[in-house]
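I opened this entry to note what I looked up, one item at a time. The structure comes first, then my notes.

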Amino acid sequence: MPHTVEWKVHLYLYEDQGRTKARVELDTGDAALTGRGTARCNPEDRDIPVIGDELAAGRALSDLGQQLLRAAEHDIESEEPPAPRKPRPGYGWVV
């Protein structure tokens, strides 16, 4: 049985008190999750904004991924066990 869904993800990057912050929002239709990540430039390093963006976004996406895994584990644990299987008739000659 084919199953296709589309989930929208929005990633926001912004600067706040010398730190790059990222927020990633996922709406599955059944749940809404938000991942967060932060990066800051070491004062001894060159300031290259794209690196801070990549680190903060990567951390936010990782946070979101961990939340999705926990949600799946919770769903698996709360799932009702399958009904017991009925015995099937034997095949072949009766001895």
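I began at the hairpin of β2 and β3, which has four residues between the strands. Glycine 29 there takes a positive phi near 95 degrees. I am working from a predicted model, where local features need pLDDT of at least 70, side-chain atom pairs count only at pLDDT 80 or more, and totals for chains, interfaces and linings use all residues. Residues are numbered from 1 along each chain as its sequence is written, and side-chain values use heavy atoms, with hydrogens and water left out.

**Overall layout**

I looked up the secondary structure and found one helix and three strands. Helices (H or I, at least four residues) and strands (E, at least two) are DSSP runs, numbered from the N terminus. The order from the N terminus is β-β-β-α. I noted that buried residues make up 15% of the 95 residues in the chain. Buried means under 20% relative accessible area, exposed over 50%, and partly exposed in between (1.4 Å probe, protein chains only).

**The strands**

I checked the pairing next; two strands pair if DSSP finds at least two bridges between them. β1 (residues 8–16) runs antiparallel to β2, joined by nine bridges. Aspartate 16 stands opposite arginine 19 in β2. β1 and β2 form a hairpin with two residues between them. In that turn, glutamine 17 has a positive phi of about 50 degrees.

β2 and β3 also pair in the antiparallel sense, over nine bridges. I picked out two partners in β3: alanine 32 for aspartate 27, and threonine 34 for glutamate 25.

Which side chains of β3 are buried and which are not? Leu33, Gly35, Gly37 and Ala39 point to one face and are buried. Ala32, Thr34, Arg36, Thr38 and Arg40 point to the other and are not. In a regular strand the side chains alternate between the two faces of the sheet. I saw two faces on β2 as well: Thr20, Ala22, Val24 and Leu26 make the covered one. Arg19, Lys21, Arg23, Glu25 and Asp27 make the uncovered one.

**The helix**

I tested the span of α1. At 1.5 Å a residue, its 30 residues should span 44 Å, and its end C-alpha atoms are 44 Å apart, which agrees. The expected span is 1.5 Å times one less than the number of residues.

I listed the buried residues of α1: Gly52, Ala56, Ala57, Ala60, Leu64 and Gln67. An α-helix has 3.6 residues a turn, so residues three or four places apart point the same way. The cover over the buried residues of α1 includes β1, β2 and β3.

Why does glutamine 67 count as buried? Its relative accessibility is 17%, so glutamine 67 counts as buried. Glutamine 67 lies in α1 (residues 49–78). Leaving aside its neighbours within four places in sequence, glutamine 67 is in contact (heavy atoms within 4.5 Å) with Leu33, Thr34 and Gly35.

**The largest pocket**

I looked up the largest pocket last. A pocket is an open set of points on a 1 Å grid over the protein atoms alone, where a 1.4 Å probe fits, with protein on both sides within 12 Å along at least five of seven lines; lining residues have an atom within 4 Å of a point. The volume is about 250 Å³, taken as the space filled by probe spheres set on the points. Of the 16 lining residues, the closest to the centre are Arg40, Cys41, Asp47, Ile48 and Gly52. β2 (19–27), β3 (32–40) and α1 are the elements that give two or more residues to the lining. α1 gives the most, with four residues.
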